Amino acid sequence: MIALLRRDLMLAFRAGGGFGLGLAFFLIVTILVPFSVGPQSDLLGTIAPGVLWLGALLACLLSLDRLLALDFEDGTLDLLATAPLPLEAALSVKALSHWLTTGLPLVLAAPVLGVMLNLAPSGFVWLVSSLAVGTPALSVIGTFGAALTVGIKRGGLLMSLLVLPLYVPTLIFGAEVARRGAQGLDPVTSLLLLGGITCATIALMPFASAAVLRMTLR
Amino acid sequence: MSLWEYANPVKFLGLSARVQPYLWAAAAICVSVGLTWGFFGTPEDFRQGSTVKIIYLHVPAALMAINAWFMMLVASLIWLIRRHHVSALAAKAAAPVGMTMTVIALVTGAIWGQPMWGTWWAWDPRLTSFLILFLFYLGYIALWEAVDDPDTAADLTSVLCLVGSVFAVLSRYAVRFWNQGLHQGTSVPVATGGRTVADVFFYPLLVSMIGFGLLFLALVLYRTGTEIRLRRTRALLARQGRDA
């Protein structure tokens with residue numbers, strides 16, 4: 001498992017494999033927002049939590065089709081499916097490496113972008129914690145979407161169509177935590193619910209992902 | 001004699017051919033009686049005026065939109081567990097019908113909402129849940145279309161239906177958490193056995209709901225038959241191509 005994780009991370013870092021791509025996308029989306037809604041700082045401050053969450057979600061989505069497609073093309077997935085390591089575990093590792101290369105940089109970059117969008121000072125802690133708790137769920141759900149569409153040629157758009165509705169609960173609770181935090185309300189309930197979604201998806205989604213991947217590889 | 005006998009396509013087609021005329025007739029009678037009675041035979045609501053009458057389209061369509069997904073869920077489970085092709089094809093056949101019902105519910109709701117709430121659309125929990133349900137239908141149908149191998153397509157869509165059901169329910173409660181509602185409570189709360197609609201409006205509504213249910217059943221049987229025959233045609237064509 002560790003070898004697989006190391007391999008995935010190495011590929012992501014070295015071979016131009018998408019590391020930083022999600023981050024750059026997140027950066028650009030956030031920078032474009034003031035151009036589209038205007039530079040009034042109080043308006044930007046109001047919408048900042050939602051914009052940052054949406055940007056993070058889209059950045060995760062953008063990097064999903066690289067998650068399994070390259071391995072599917074060169075046959076790595078067939079090897080993984082026959083390896084002694086259960087496919088569920090292999091996909092969990094894939095999701096973890098996706099989170100480490102996409103989700104974690106987004107969490108770290110979010111405060112800087114929060115400053116640019118004039119986020120209220122009380123909101124930073126909650127923004128970062130909501131992203132830290134919520135983005136793993138995005139990676140795990142995204143792995144399911146990637147596994148579902150990996151056998152389909154040009155399945156990228158289809159994957160977005162399938163994955164986006166699945167992202168709704170995570171987005172609602174995540175943005176709610178950040179919003180309530182920024183407004184000085186109590187965000188703990190939403191944060192706990194978000195954590196519940198993340199734990200449940202981490203526990204259950206790899207089974208669904210492995211099931212659909214086996215169906216595709218059969 | 002068991003239900004599983006009808007997993008045999010020949011038996012299924014036989015039964016569905018025998019039942020369908022009655023189903024269509026009953027559905028036509030119930031829908032036309034329900035709608036005519038609802039539109040012309042009921043008084044106007046003293047606050048909503050004649051706009052109340054859209055309920056005879058809106059509520060049954062919404063009911064069937066949810067039940068269609070539920071039927072797809074059951075059919076998907078049967079396919080995954082017992083591998084009956086008829087079941088997978090029935091789920092495939094039900095999806096566009098369910099999506100149409102969702103669209104009817106959304107559109108009639110918007111038409112009613114414009115004079116009553118003063119807006120075509122509000123981000124109310126029920127409306128939003130239905131929009132999400134619509135997206136799930138869209139994704140499900142798109143996945144069926146995208147996969148070439150029919151058995152793989154049935155497998156993948158079945159799992160999507162299961163996972164989608166969990167997330168649809170989750171979204172429903174998440175959305176309620178996210179925004180307080182404008183939509184009124186349920187018209188026919190089954191759980192409490194009570195009723196929030198007066199009898200004059202309720203009976204035509206009930207007839208209309210039964211009619212939509214029958215209509216859904218008839219459409220699904222018809223479309224499943226089409227899917228089965230389509231697959232047979234493909235098999236025949238493939239055999240011819242091989243022999244030639």
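Which helices of chain A are included in what covers the buried residues of H4(A)? In this predicted model, the cover includes helix H5 (76-82), H6, H7 and H8 of chain A. The residues beneath that cover are easy to find in the sequence: in helix H4 (residues 65-73) of chain A, Asp65(A), Arg66(A), Leu67(A) and Leu68(A) are buried. Just after H4(A) comes Gly75(A), whose phi is positive, at about 90°.

A step back shows the setting of this helix. Chain A contains 9 helices and 0 strands, and from the N terminus on its elements read α-α-α-α-α-α-α-α-α. Along the principal axes, the C-alpha atoms of chain A fill a box of roughly 55 × 35 × 30 Å. The overall dimensions can also be compared with a simple expectation: a compact globule of 218 residues would have a radius of gyration near 17 Å, and the 18 Å of chain A agrees with that. Of the 218 residues of this chain, 51% count as buried. The contacts tell a story about the sequence as well. Among contacts in chain A between residues at least 6 apart in sequence, 81% join residues at least 24 apart.

One residue of chain A lets the reader follow such ideas by eye. Val93(A) sits in helix H6 (residues 87-116) of chain A. Is Val93(A) buried or exposed? Val93(A) counts as buried because it has 21 C-beta neighbours inside 10 Å, and the cut-off for a buried residue is 20 or more. Leaving aside residues up to four places away in sequence, Val93(A) touches Met1(A), Leu4(A) and Leu5(A). A useful pair to locate in the structure is Val93(A) and Ser36(A): these residues are 57 apart in sequence, and their C-alpha atoms are 38 Å apart in space.

Farther along chain A, the loop between H6 and helix H7 (123-149) holds Asn118(A). The backbone here deserves a look, as Asn118(A) has a positive phi of about 60° although it is not a glycine. Asn118(A) has 17 C-beta neighbours inside 10 Å and therefore counts as partly exposed.

Chain B can be read in the same manner. Chain B has 6 helices and 0 strands, following the pattern α-α-α-α-α-α along the sequence. Of its 244 residues, 39% are buried. For contacts in chain B between residues at least 6 apart in sequence, 78% join residues at least 24 apart. In the loop between helix H2 (55-82) and helix H3 (85-117) of chain B lies Arg83(B). Arg83(B) is not a glycine, yet it has a positive phi of about 55°. Its 13 C-beta neighbours inside 10 Å explain why Arg83(B) counts as partly exposed.

The two chains can now be brought together. How many residues does the contact take from each chain? The contact takes 19 residues from chain A and 21 residues from chain B. On the side of chain B that touches chain A, helix H4 (125-146) and helix H5 (150-178) of chain B each supply at least two residues. The largest share of that side, 12 residues, comes from H5(B). By class, the residues on the side of chain B that touches chain A are 17 nonpolar, 3 polar and 1 charged.

Within this contact, one pair of helices can be traced in detail. The axes of helix H8 (residues 156-182) of chain A and H4(B) come within 9 Å and cross at roughly 150°. That angle makes H8(A) roughly antiparallel to H4(B), since angles over 145 degrees are placed in that class. The crossing in which H8(A) passes H4(B) is left-handed. The residues involved in H8(A) are Leu158(A), Leu161(A), Leu162(A), Pro165(A) and Val168(A). Their counterparts in H4(B) are Ile132(B), Leu135(B), Phe136(B), Leu138(B), Gly139(B), Ala142(B), Leu143(B) and Ala146(B). Sorted by class, the contact of H8(A) with H4(B) has 12 nonpolar residues, 1 polar residue and no charged residues. H8(A) thus appears twice in this account: H8 of chain A is included in the cover over the buried residues of H4(A), and residues of H8(A) meet residues of H4(B).

Conventions: Residues are numbered from 1 along each chain as its sequence is written. Chains are lettered from A and ligands numbered from 1 in the order in which they are written. This is a predicted model: local features need pLDDT of at least 70, side-chain atom pairs count only at pLDDT 80 or more; totals for chains, interfaces and linings use all residues. Two residues are in contact if their C-beta atoms, placed from the backbone, lie within 7 Å. Helices (H or I, at least four residues) and strands (E, at least two) are DSSP runs, numbered from the N terminus. Ala, Val, Leu, Ile, Met, Phe, Trp, Tyr, Cys and Pro count as nonpolar, Asp, Glu, Lys and Arg as charged, and the others, Gly among them, as polar. Axes are lines fitted to C-alpha atoms, for helices over the stretch in contact, and angles run from 0 to 180 degrees between N-to-C directions. Angles under 35 degrees count as roughly parallel, over 145 as roughly antiparallel, 65 to 115 as roughly perpendicular and the rest as oblique. A crossing is left-handed if the near helix is turned anticlockwise from the far one by less than a right angle, and right-handed if clockwise. A residue is buried if 20 or more other C-beta atoms lie within 10 Å of its own, exposed if 12 or fewer, and partly exposed in between; C-beta atoms are placed from the backbone. The radius of gyration is taken over C-alpha atoms; the globule rule is 2.2 Å times the number of residues to the power 0.38.
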